[in-house]
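Subject: Structure handover

Hello,

Here is the structure for your files. Please look it over before reading the notes beneath it.

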Amino acid sequence: MRSDLSIVVPAFNEQDRLGFSVSKILSYIIENRLNAELIVVDDGSGDETAKIAETACADFPDIASKVVRYEQNRGKGFAVKTGLQTATADIALFSDADLSTPIEEMPKLVDPIRNGEFDVTFGSRALDRSLIGTHQPWRREQGGKVFNLIVRKLTGLPFWDTQCGFKAFNMKRFGPLLDLMRIDRFGFDVEFLYVAKLHGLRLNEIPVRWYNDERSKVNVVRDSLRMFDEVRQIRRNAKQGFYNIDQP
């Protein structure tokens, strides 16, 4: 039977956290009687990430699940894109492997798509900061604010948090745009939203609960510089027409 919802989890060297997260998601699917599938994408991990995911999935044989693995690390954006292209449902959600946004927040994003109100919905830590259970260190939090201001300035996107790892998509409308995406690493969130808006999809930023995980792999200096460069690349791609769909 075809699933109504695909949940995609990108993972890179997540052997310590992924087993719990996979079990949590699959338990949620069972408890809420969802017709859903889980797709874990191992982004070229050098540890036991894929094996841990497969073992956790095997504990829930009644739920459709799949672990996709490739050998070379390509970046979170490539992993999410791969997972979405593997998805079989008309609605797909991607969640960070650490479940910083609890999977219980999923209806906030999925229901507006299912009801036909929006095509892309995404969690936000900025719209209602009272929902943040555990904050990031001050330096990272301020860096995120600066980055989002730059994103707004360079792309014209009117959103306050493009980087929260919790997004949902109407795949009938968003799926055809995946082949246009060119950013493989952290800037992919901005590219997804930019290209979706460029093609007239209806986007909505939604406040969600969020808890910082101190084991985050994000390096403030290195990754911020990389993201700024990728946002500039998105602007260049747009000017060169890379995000246009050729008309027959």
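The notes below cover salt bridges first and then one strand with its neighbours.

Please keep in mind that this is a predicted model. The count of salt bridges in it comes to 17. I describe some of them here.

Salt bridges

Asp-161 and Arg-125 meet through their side chains in a salt bridge, with N to O at 2.8 Å. Asp-161 is in the loop between α5 (138-155) and β7 (166-170), and Arg-125 is in the loop between β5 (120-124) and β6 (132-134), so the salt bridge ties together parts that are 36 residues apart in sequence. Asp-161 has a relative accessibility of 2% and therefore counts as buried. Arg-125 also counts as buried, because its relative accessibility is 16% and the cut-off for buried is under 20%.

A second pair is Asp-184 and Arg-74, whose closest N and O atoms are 3.6 Å apart in a salt bridge. This one links distant parts of the chain, 110 residues apart: Asp-184 sits in the loop between α6 (171-174) and α7 (188-198), while Arg-74 sits in the loop between β3 (64-70) and α3 (76-86). Asp-184, at 25% relative accessibility, counts as partly exposed. Arg-74 is partly exposed too, with a relative accessible area of 31%.

Glu-71 and Arg-69 form a salt bridge at 3.3 Å, N to O, between their side chains. Glu-71 counts as exposed because its relative accessibility is 63%, and the cut-off for exposed is over 50%. Arg-69 counts as partly exposed, at 35% relative accessibility.

There is also a network: Glu-14, Arg-17 and Asp-98 are joined into one by salt bridges that share partners.

Strand β7

How much of β7 is buried? Five of its five residues are, and the strand is mostly covered. Phe-166, Ala-168 and Asn-170 point one way from β7, Lys-167 and Phe-169 point the other way, and all are buried. Note that Lys-167 is among these buried residues.

Which strands pair with β7? β4 (residues 91-95) pairs with β7 in the antiparallel sense over five bridges. In β7, Lys-167 has Phe-94 standing opposite. β5 pairs with β7 in the antiparallel sense as well, over three bridges. Here Thr-121 stands opposite Ala-168 of β7.

To tie the two parts together, β5 and β7 also border the loops that hold Arg-125 and Asp-161.

Regards

Conventions: Residues numbered from 1 in each chain as written. Predicted model: local features only at pLDDT ≥ 70, side-chain atom pairs only at ≥ 80, totals over all residues. Heavy atoms only, no water. Salt bridge = Lys/Arg side-chain N within 4 Å of Asp/Glu carboxyl O. Buried < 20%, exposed > 50% of the residue type's maximum accessible area, 1.4 Å probe, protein only. Helix = DSSP H or I, 4+ residues; strand = E, 2+ residues; numbered from the N terminus. Pairing = 2+ DSSP bridges.
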